[in-house]
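Student: I am new to this structure and would like a close look at a single part of it. Please take one sheet and describe what it is made of and what packs on it.

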There are 2 protein chains.
Amino acid sequence: MRQPSFLIPDIREMLVPEKQKELQEALEEFHPVDIAEIVVGLEPEEQVSFFRLLAKDQQIAVFEELDQEEQSALLSSLTKEHCRELLNDMSTDNRVDLLQDLPEEIAGRLLACLSESERKLTEKLLKYKPNTAGAIMTTELAGVRGHMTAEQSLQLIRDTALLKETIYYLYVTDDQNHLTGILSLRDLVVAKPEQLIQDVASPYVISVTVDQDQEEVAKVMEKYDFIAVPVVDEEGKLQGIITIDDVVDVMKKESTEDIHKMAAIMPHEEEYLEVSPWAMVQKRIGWLVVFLLLEMVTGSVLRNYQTTIDSVIMLAFFIPLLIGTGGNAGTQSATLIIRGLATGELKPNRIFKIIWKEGFVGFVLGLALGCLAGLRTYWMSGDLLIAGAVSCAMVATLVMATVTGSLFPILLYRLKLDPAVAAGPFIASVVDVTALLIYFEIARAILHL
Amino acid sequence: MRQPSFLIPDIREMLVPEKQKELQEALEEFHPVDIAEIVVGLEPEEQVSFFRLLAKDQQIAVFEELDQEEQSALLSSLTKEHCRELLNDMSTDNRVDLLQDLPEEIAGRLLACLSESERKLTEKLLKYKPNTAGAIMTTELAGVRGHMTAEQSLQLIRDTALLKETIYYLYVTDDQNHLTGILSLRDLVVAKPEQLIQDVASPYVISVTVDQDQEEVAKVMEKYDFIAVPVVDEEGKLQGIITIDDVVDVMKKESTEDIHKMAAIMPHEEEYLEVSPWAMVQKRIGWLVVFLLLEMVTGSVLRNYQTTIDSVIMLAFFIPLLIGTGGNAGTQSATLIIRGLATGELKPNRIFKIIWKEGFVGFVLGLALGCLAGLRTYWMSGDLLIAGAVSCAMVATLVMATVTGSLFPILLYRLKLDPAVAAGPFIASVVDVTALLIYFEIARAILHL
């Protein structure tokens, strides 16, 4: 793979009028994604002169690959006429993404630049709630009527194809624009020229509705291995399509959100280095306070056992070992269950089987780790009874931690809450309190305190 | 969305000879993915009679949607002739997936069923290492030569299209099969019939090599928004293609693996309920033992401060609160950095900026949580000095935890090790030891012990 960012010093040198032609020719062989990487690496004043060098088609393709902030920065440096051209020619879904993120005033000014038809369309799309199918769909699709022949359809595509985002699938509609069938471009190419579309197309179309969440759309596309899915309104009228590349981005974003949630971080849209430290504190403090309040219970538990600790102070030395290991095992269980529920691999109706399995695994892990911890305790304390108490507490703690770690996410799922909340940090806090109770009760019984 | 599994009782009733025709007609409108769901829900003996009802094309499409275990179970119940037909007609990448997972003896027997050309091809593909581009690619692709015209190419596609997995892109090769260009089916359809392929195609093709890891392939496809990518050997000869649907599965699997790794669980291929408890113990015990050994250090640290604890036993009560909160904040930092590095959003050369930001966020979080913890301590102990010690220790612990949580993953990344190892459980164990040292040193200084 070429690393386009390595080329930036060379490109910088070529940004002089006499080298312009040479640079333009060199850029022809680049993918828009790579050119966009170069644009991002240049200084703002260089960006404009570099961008102007690109061919018209390339400008639009490259502009669409930039992220929203880079797009609006670039727009502010271009002439008004140039902005108008770019905005009018970019695909509707990318245009909506851009305008959604801009302050209302600037978005309004840019909207005013658009041709009337594009403006009306964009305004309509901007009305859909963010993260719904309507908000991420594009309206550039290849639609044909059922009563057309294969040849007429191919001609229609030849005449309009360059404007359409994807024509790998053709969507068949009736005269009221109701979605009635689907065929792939492949089906059309292999059909006999005189065949009617309605005879070649499949009438069984799987579609999503404009108000469906983008995560559901991703699930549908993944399940059926679609590269595009049609979007209809509540009356079944074709409104747009969503292509796989937009959904891959959704999947990646949702994955990151899930992972962050499991570490008790609230979702955020911006990249890490773009989030201000204060905003970052806000995303993280909420759950930390909740867990702190939970952990405060440990203080009361320990005060309860003050006389026990007073008589055998050695017992206090193994507290971090026990609660830390319990937290780690509980984190493993919670993570397995939360991810299993998220991918649909685990069904919550197998609750007893899951809990039973986790408890058993916890017991076996507890036996192994309990032996190790017992040896360590005996080595440090020289007291078999204390070693025995730590070993037994380790077994009981690990069973408790694995059962808690698997039970909580399933309960939350059943209550239609997000199971990811019950991930590592939450389980660790719950386990801390319970493990201390287990430990001191076992110690008191074994040491007769 | 229809829920095909709800239909199973109805379908079961229709599995009688007199209702066969009706059932067959009803099934025509189902997507193979949905029929596969029904197959999985039926009893083994019903599966065979149900499967036989399907049209030939549907059988193959449905068979390809089943997972490897279901495929081999079904194969073992079908007649030898039926197996032969299915195996010969399924796409090569799915066939390789199936044979790779079967015991060598059964795989060998099935291989022998194949026609000679299919067998040779399959044997060649089976030689690629698992999880490489070669192992997941399909050899069914639409290849054209540069000196053909658009019309000749379209005719070639019409003649062979039904056999090809995807013809959304056409790959142009020279007479030695070197990949020399690419055009989309859309480009071909809109080209003039007499135009030469080499004049319409783009000579700038982005490809992957047979031995590249599937995760890299996924990254390339995601970056360029491809729906298919060509695979070449070391000489640049076209060997196959990888389609987006296979890569979406790879992305999902890799995501799950990343999440599991971050919870200190070793990767496993099977679904949760299919992993035996003993295998599950093996996947989880390794890191638990490592963290246990780390946590054992806490015992020595605490013994070191035995006289301090002896004189103010109250100090021991706040140990879980401090180390637990430190672990939670460290988990947040580690998760943000690990995920950022994995998605490419964070560049490790920004190390100082990242550490500085995390340290600052840790300081602010520490101030807020330190106040709360101080209040709690004062309420429990009635001693301002102890409350002050806990508050100060909380601030210092959170700075240490956030810096450690961000530093370790970056260091591992720079050492070309997997940053995910340094996730929550690891950081929590490291933080436990350090937090105890911080806490008791601060307490000794403030309380003059």
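Tutor: What follows describes one sheet of chain A and the helices on it, and then places chain A in its wider setting. The model is predicted.

The sheet is an open one of three strands in chain A, ordered β4-β5-β6, and its pairing is mixed. At its edges are β4 (208–209) and β6 (238–243) of chain A, each of which pairs on one side only. Strand β5 of chain A covers residues 228–232, and its pairing with β4(A) is parallel, with two bridges. One residue pair can be picked out here: V208(A) has V231(A) in β5(A) as its bridge partner.

Helix α15 of chain A, residues 214–224, packs on this sheet and touches β4, β5 and β6 of chain A. The direction of helix α15 makes about 135 degrees with that of β5(A). Another helix, α16 of chain A (residues 244–262), lies across β5 and β6 of chain A. Helix α16 runs at about 65 degrees to β6(A).

Now the wider setting. The domain assignment divides chain A into domain 1 (4–131), domain 2 (136–249) and domain 3 (275–447). Between the C-alpha centres of domain 1 and domain 3 of chain A the distance is 52 Å.

Chain A also meets chain B: 94 residues of chain A are in contact with 94 residues of chain B. On the chain B side, helix α19 (residues 319–343) gives the most, with 16 residues. That side of chain B comprises 56 nonpolar, 18 polar and 20 charged residues.

Definitions and conventions. Residues are numbered from 1 along each chain as its sequence is written. Chains are lettered from A and ligands numbered from 1 in the order in which they are written. This is a predicted model: local features need pLDDT of at least 70, side-chain atom pairs count only at pLDDT 80 or more; totals for chains, interfaces and linings use all residues. Two strands pair if DSSP finds at least two bridges between them. Helices (H or I, at least four residues) and strands (E, at least two) are DSSP runs, numbered from the N terminus. Two residues are in contact if their C-beta atoms, placed from the backbone, lie within 7 Å. Axes are lines fitted to C-alpha atoms, for helices over the stretch in contact, and angles run from 0 to 180 degrees between N-to-C directions. Ala, Val, Leu, Ile, Met, Phe, Trp, Tyr, Cys and Pro count as nonpolar, Asp, Glu, Lys and Arg as charged, and the others, Gly among them, as polar. Domain bounds come from an automatic or database domain assignment.
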